[in-house]
Amino acid sequence: MNLNEKFDIITLIGCDFGVLRPGHRNLLLCSIHEMLNPDGVLILDVWSAAYFKELSEGHEYDYVPDGGFWDENPYLLLKDSYLYDENAVIFSRYIVITEKEVKHYNFWEHCFNKTVLTKNLENSNFKNIKIYSDVAGSPYSEESKTLCAVTEKKEGHFEKIFMVMVETIPKPNNIEESNLGAFVNCWAKAKNKFEAYKLAADYIDTNGWDISKIEDIQIVQRDYYEDEDSKESLKCFDEANDEENTWRASGIFNAFPIESEE
(Lines give C-alpha, C1' and ligand atoms only; values in the text may rest on other atoms or scores of the structure.)
Protein backbone atom coordinates (compact mmCIF):
# COMPACT_ATOMS: atom_id res chain seq x y z
CA MET A 1 0.00 0.00 0.00
CA ASN A 2 1.21 3.50 -0.87
CA LEU A 3 0.97 5.35 2.46
CA ASN A 4 1.28 8.67 0.64
CA GLU A 5 -2.07 7.96 -1.02
CA LYS A 6 -5.17 9.70 0.36
CA PHE A 7 -8.45 7.91 1.07
CA ASP A 8 -12.11 8.88 1.30
CA ILE A 9 -12.87 6.15 3.88
CA ILE A 10 -10.67 4.21 6.29
CA THR A 11 -12.05 1.36 8.42
CA LEU A 12 -10.63 -0.16 11.60
CA ILE A 13 -13.04 -2.91 12.62
CA GLY A 14 -12.79 -6.08 14.68
CA CYS A 15 -12.25 -4.15 17.96
CA ASP A 16 -8.50 -3.93 17.29
CA PHE A 17 -8.24 -0.28 18.38
CA GLY A 18 -8.46 -1.19 22.07
CA VAL A 19 -5.41 -3.46 22.10
CA LEU A 20 -3.09 -0.46 21.70
CA ARG A 21 -1.60 1.59 24.52
CA PRO A 22 -3.10 5.11 24.87
CA GLY A 23 -0.11 6.84 23.27
CA HIS A 24 -0.16 4.39 20.37
CA ARG A 25 -3.90 4.84 19.89
CA ASN A 26 -3.29 8.59 19.56
CA LEU A 27 -0.45 7.96 17.12
CA LEU A 28 -2.63 5.67 14.98
CA LEU A 29 -5.45 8.22 14.87
CA CYS A 30 -2.94 10.91 13.89
CA SER A 31 -1.67 8.73 11.01
CA ILE A 32 -5.23 7.99 9.85
CA HIS A 33 -6.04 11.70 9.98
CA GLU A 34 -3.09 12.44 7.67
CA MET A 35 -4.14 9.71 5.21
CA LEU A 36 -7.74 10.88 4.81
CA ASN A 37 -8.92 13.28 2.14
CA PRO A 38 -10.66 16.49 3.30
CA ASP A 39 -13.86 15.45 5.10
CA GLY A 40 -12.76 11.83 4.75
CA VAL A 41 -14.52 9.31 7.00
CA LEU A 42 -13.13 6.96 9.65
CA ILE A 43 -15.18 3.97 10.83
CA LEU A 44 -13.92 2.04 13.86
CA ASP A 45 -15.39 -0.24 16.50
CA VAL A 46 -14.40 -1.14 20.07
CA TRP A 47 -15.53 -3.31 22.96
CA SER A 48 -17.92 -1.43 25.22
CA ALA A 49 -18.19 -0.81 28.96
CA ALA A 50 -21.26 -3.10 28.93
CA TYR A 51 -19.11 -5.92 27.52
CA PHE A 52 -16.52 -5.37 30.26
CA LYS A 53 -19.18 -5.67 32.97
CA GLU A 54 -20.12 -9.14 31.71
CA LEU A 55 -16.58 -10.49 32.04
CA SER A 56 -15.04 -12.28 35.01
CA GLU A 57 -11.55 -13.26 36.02
CA GLY A 58 -10.63 -16.90 35.79
CA HIS A 59 -8.37 -19.72 34.65
CA GLU A 60 -9.11 -22.11 31.81
CA TYR A 61 -7.33 -24.94 30.06
CA ASP A 62 -7.97 -26.96 26.92
CA TYR A 63 -6.20 -29.78 25.12
CA VAL A 64 -6.27 -29.60 21.30
CA PRO A 65 -5.15 -33.01 19.98
CA ASP A 66 -5.30 -32.17 16.26
CA GLY A 67 -3.74 -28.72 16.40
CA GLY A 68 -5.65 -25.49 15.89
CA PHE A 69 -5.46 -21.71 16.08
CA TRP A 70 -2.35 -21.48 18.25
CA ASP A 71 -0.26 -24.27 16.68
CA GLU A 72 -0.58 -26.83 13.89
CA ASN A 73 0.61 -29.57 16.28
CA PRO A 74 -1.26 -30.95 19.32
CA TYR A 75 -1.08 -28.50 22.24
CA LEU A 76 -2.30 -27.73 25.72
CA LEU A 77 -3.71 -24.21 26.12
CA LEU A 78 -3.71 -22.44 29.48
CA LYS A 79 -5.57 -19.12 29.75
CA ASP A 80 -5.63 -16.61 32.63
CA SER A 81 -7.93 -13.57 32.59
CA TYR A 82 -7.59 -10.49 34.81
CA LEU A 83 -9.79 -7.37 34.94
CA TYR A 84 -8.73 -3.82 35.85
CA ASP A 85 -11.92 -1.96 36.72
CA GLU A 86 -10.42 1.54 37.01
CA ASN A 87 -9.52 1.69 33.31
CA ALA A 88 -11.88 -1.03 31.96
CA VAL A 89 -8.91 -3.08 30.80
CA ILE A 90 -8.79 -6.84 30.19
CA PHE A 91 -5.50 -8.72 30.48
CA SER A 92 -5.43 -12.21 28.96
CA ARG A 93 -2.41 -14.50 29.15
CA TYR A 94 -2.22 -17.55 26.92
CA ILE A 95 0.35 -20.31 27.43
CA VAL A 96 0.63 -22.79 24.56
CA ILE A 97 2.45 -26.02 25.40
CA THR A 98 3.50 -28.41 22.64
CA GLU A 99 5.81 -31.39 22.71
CA LYS A 100 8.73 -29.19 21.63
CA GLU A 101 8.16 -25.76 23.16
CA VAL A 102 6.22 -23.47 25.44
CA LYS A 103 4.97 -20.15 24.03
CA HIS A 104 3.52 -17.18 25.93
CA TYR A 105 1.12 -14.55 24.55
CA ASN A 106 -0.10 -11.51 26.52
CA PHE A 107 -3.04 -9.39 25.34
CA TRP A 108 -4.34 -6.12 26.79
CA GLU A 109 -7.72 -4.79 25.64
CA HIS A 110 -9.31 -1.50 26.63
CA CYS A 111 -13.10 -1.19 26.68
CA PHE A 112 -14.73 2.18 25.99
CA ASN A 113 -17.84 4.06 26.91
CA LYS A 114 -19.36 6.66 24.58
CA THR A 115 -17.71 9.61 26.36
CA VAL A 116 -14.16 8.18 26.34
CA LEU A 117 -14.34 7.08 22.70
CA THR A 118 -15.65 10.48 21.62
CA LYS A 119 -12.89 12.28 23.56
CA ASN A 120 -10.21 10.10 21.91
CA LEU A 121 -11.48 11.12 18.48
CA GLU A 122 -11.93 14.80 19.34
CA ASN A 123 -8.37 14.98 20.72
CA SER A 124 -7.13 13.64 17.38
CA ASN A 125 -9.00 16.33 15.40
CA PHE A 126 -12.03 14.43 14.15
CA LYS A 127 -15.47 16.03 13.88
CA ASN A 128 -19.15 15.10 13.44
CA ILE A 129 -18.70 12.01 15.59
CA LYS A 130 -21.63 9.61 15.52
CA ILE A 131 -21.74 6.59 17.84
CA TYR A 132 -23.67 3.41 16.99
CA SER A 133 -23.96 0.03 18.67
CA ASP A 134 -22.17 -1.84 15.88
CA VAL A 135 -20.70 -1.49 12.39
CA ALA A 136 -24.10 -2.31 10.89
CA GLY A 137 -25.33 1.06 12.15
CA SER A 138 -27.68 -0.16 14.88
CA PRO A 139 -28.85 2.73 17.12
CA TYR A 140 -26.65 3.43 20.12
CA SER A 141 -27.49 1.47 23.27
CA GLU A 142 -25.70 1.41 26.62
CA GLU A 143 -26.30 -2.35 26.69
CA SER A 144 -24.49 -3.09 23.43
CA LYS A 145 -21.28 -5.15 23.69
CA THR A 146 -19.60 -3.03 21.01
CA LEU A 147 -19.55 0.61 19.98
CA CYS A 148 -18.95 1.91 16.47
CA ALA A 149 -17.81 5.45 15.70
CA VAL A 150 -18.31 7.12 12.32
CA THR A 151 -16.44 10.41 12.14
CA GLU A 152 -14.97 12.93 9.70
CA LYS A 153 -11.55 14.47 9.38
CA LYS A 154 -11.29 18.04 10.70
CA GLU A 155 -9.24 20.18 8.34
CA GLY A 156 -6.01 21.88 9.39
CA HIS A 157 -2.44 21.08 10.41
CA PHE A 158 -2.51 20.42 14.12
CA GLU A 159 0.51 20.18 16.37
CA LYS A 160 0.54 17.59 19.13
CA ILE A 161 2.87 16.64 21.96
CA PHE A 162 4.89 13.51 21.21
CA MET A 163 6.95 11.57 23.73
CA VAL A 164 10.09 10.19 22.10
CA MET A 165 11.82 7.46 24.11
CA VAL A 166 15.42 6.68 23.13
CA GLU A 167 18.68 5.24 24.39
CA THR A 168 21.71 7.51 23.99
CA ILE A 169 25.49 7.56 24.22
CA PRO A 170 27.67 10.61 25.04
CA LYS A 171 29.06 12.65 22.17
CA PRO A 172 32.87 12.45 21.72
CA ASN A 173 33.29 15.90 23.27
CA ASN A 174 31.15 14.99 26.30
CA ILE A 175 34.18 14.04 28.40
CA GLU A 176 32.48 14.33 31.80
CA GLU A 177 29.97 11.61 30.93
CA SER A 178 32.09 9.46 28.62
CA ASN A 179 31.59 6.36 30.78
CA LEU A 180 27.78 6.72 30.87
CA GLY A 181 24.78 5.94 28.72
CA ALA A 182 21.32 7.42 29.19
CA PHE A 183 17.69 6.56 28.64
CA VAL A 184 15.91 9.73 27.55
CA ASN A 185 12.22 10.62 27.52
CA CYS A 186 11.83 13.69 25.34
CA TRP A 187 8.59 15.61 24.79
CA ALA A 188 8.33 17.48 21.49
CA LYS A 189 5.61 19.63 19.91
CA ALA A 190 5.22 18.64 16.27
CA LYS A 191 2.81 17.91 13.42
CA ASN A 192 3.93 14.30 12.96
CA LYS A 193 6.25 11.70 14.47
CA PHE A 194 9.06 12.39 11.99
CA GLU A 195 9.20 16.06 12.92
CA ALA A 196 8.96 15.07 16.62
CA TYR A 197 11.96 12.76 16.27
CA LYS A 198 13.98 15.53 14.57
CA LEU A 199 13.17 18.00 17.37
CA ALA A 200 14.03 15.43 20.03
CA ALA A 201 17.31 14.52 18.29
CA ASP A 202 18.32 18.20 18.10
CA TYR A 203 17.47 18.74 21.78
CA ILE A 204 19.40 15.64 22.85
CA ASP A 205 22.36 16.62 20.64
CA THR A 206 22.51 20.06 22.28
CA ASN A 207 22.71 18.37 25.68
CA GLY A 208 25.79 16.38 24.62
CA TRP A 209 24.30 13.02 23.59
CA ASP A 210 23.77 10.95 20.42
CA ILE A 211 20.77 8.68 19.92
CA SER A 212 21.84 5.04 19.66
CA LYS A 213 18.41 3.36 19.72
CA ILE A 214 14.77 4.41 19.35
CA GLU A 215 12.56 2.72 21.93
CA ASP A 216 9.15 4.25 21.17
CA ILE A 217 7.26 7.32 19.94
CA GLN A 218 3.79 8.14 21.26
CA ILE A 219 1.32 11.01 21.22
CA VAL A 220 0.50 12.00 24.79
CA GLN A 221 -2.03 14.20 26.59
CA ARG A 222 -1.41 16.48 29.56
CA ASP A 223 -3.78 14.55 31.81
CA TYR A 224 -1.45 11.53 31.61
CA TYR A 225 0.85 13.34 34.05
CA GLU A 226 -1.46 14.94 36.58
CA ASP A 227 -0.80 12.45 39.41
CA GLU A 228 1.64 13.22 42.23
CA ASP A 229 4.40 10.94 40.88
CA SER A 230 4.57 12.58 37.43
CA LYS A 231 5.54 16.16 38.31
CA GLU A 232 8.81 16.06 36.37
CA SER A 233 7.10 14.61 33.30
CA LEU A 234 4.33 17.22 33.51
CA LYS A 235 6.98 19.96 33.69
CA CYS A 236 8.60 18.66 30.48
CA PHE A 237 5.22 18.38 28.75
CA ASP A 238 4.41 22.01 29.59
CA GLU A 239 7.87 23.20 28.52
CA ALA A 240 7.51 21.48 25.13
CA ASN A 241 4.08 23.08 24.75
CA ASP A 242 5.29 26.54 25.73
CA GLU A 243 5.10 28.94 22.76
CA GLU A 244 8.21 30.76 24.02
CA ASN A 245 10.31 27.58 24.00
CA THR A 246 12.18 27.81 20.69
CA TRP A 247 13.37 24.20 21.03
CA ARG A 248 9.74 22.99 21.18
CA ALA A 249 11.16 20.10 23.24
CA SER A 250 12.17 19.14 26.76
CA GLY A 251 13.47 15.92 28.24
CA ILE A 252 14.50 13.78 31.18
CA PHE A 253 17.91 12.05 31.06
CA ASN A 254 18.35 8.89 33.16
CA ALA A 255 22.07 8.06 33.06
CA PHE A 256 23.56 4.62 33.70
CA PRO A 257 27.19 3.42 33.84
CA ILE A 258 28.70 1.65 30.84
CA GLU A 259 30.95 -1.27 31.70
CA SER A 260 34.40 -0.81 30.23
CA GLU A 261 35.73 -3.50 27.88
CA GLU A 262 38.96 -5.08 29.10
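**Group meeting: His110, helix α3 and some positive phi values**

I'll start with one residue. Leaving aside neighbours within four places in sequence, His110 is in contact with Gly18, Arg25, Trp47, Asn87, Ala88, Val89 and Val116. Keep in mind that this is a predicted model.

His110 sits in strand β6, which covers residues 102-110. Is His110 buried or exposed? The cut-off for buried is under 20% relative accessible area, and His110 counts as buried because its relative accessibility is 14%. One of its contacts, Asn87, also gives a polar pairing: a polar atom of the His110 side chain lies 3.0 Å from the backbone oxygen of Asn87.

Now the chain as a whole. There are 5 helices and 12 strands, and the C-alpha trace spans about 60 × 55 × 40 Å along its principal axes. The chain has 262 residues, and 41% of them count as buried. If you take contacts between residues at least 6 apart in sequence, 64% join residues at least 24 apart. The accessible surface is about 15700 Å², with 50% of that belonging to carbon and sulfur atoms. On charge, there are 26 positive and 49 negative, and their mean positions are 6 Å apart.

Next, helix α3, residues 114-123. Which residues of α3 are buried? They are Leu117, Thr118, Asn120 and Leu121. These residues lie on the same side of α3, because they cover an arc of only 155 degrees around the axis. As general background, an α-helix has 3.6 residues a turn, so residues three or four places apart point the same way. What do the buried residues of α3 pack against? The partners are α1 (22-35) and three strands: β2 (36-47), β7 (126-132) and β8 (146-153).

The ends of α3 are worth a look too. At the N-terminal end, Asn113 acts as the cap, with a side-chain oxygen 3.1 Å from the backbone nitrogen of Thr115. After the helix comes Asn125, whose phi is positive, near 70 degrees.

That brings me to phi. Most residues other than glycine have a negative phi. Besides Asn125, with its positive value, I have two further residues to show.

Cys15 has a phi near 60 degrees. Cys15 is in the loop between β1 (7-12) and α1, and it counts as buried, at 6% relative accessibility.

Asn128 has a phi near 50 degrees, also positive. Asn128 lies in strand β7, and β7 is one of the elements that the buried residues of α3 pack against. With a relative accessible area of 43%, Asn128 is partly exposed.

That's what I have.

Terms used: Residues are numbered from 1 along each chain as its sequence is written. This is a predicted model: local features need pLDDT of at least 70, side-chain atom pairs count only at pLDDT 80 or more; totals for chains, interfaces and linings use all residues. Side-chain values use heavy atoms; hydrogens and water are left out. Helices (H or I, at least four residues) and strands (E, at least two) are DSSP runs, numbered from the N terminus. Buried means under 20% relative accessible area, exposed over 50%, partly exposed in between (1.4 Å probe, protein chains only). Contact means heavy atoms within 4.5 Å. Accessible areas come from the Shrake-Rupley method with a 1.4 Å probe; for residues, only the protein chains shown count as cover. Lys and Arg count as positive and Asp and Glu as negative; His and the chain ends are not counted. The place of a charge is taken as NZ of Lys, CZ of Arg, CG of Asp or CD of Glu. The arc is that of the directions from the helix axis to the C-beta atoms. A polar contact is a pair of N or O atoms within 3.5 Å; within protein, one must be able to donate a hydrogen and the other to accept it, and residues adjacent in sequence count only if both atoms are side-chain atoms.
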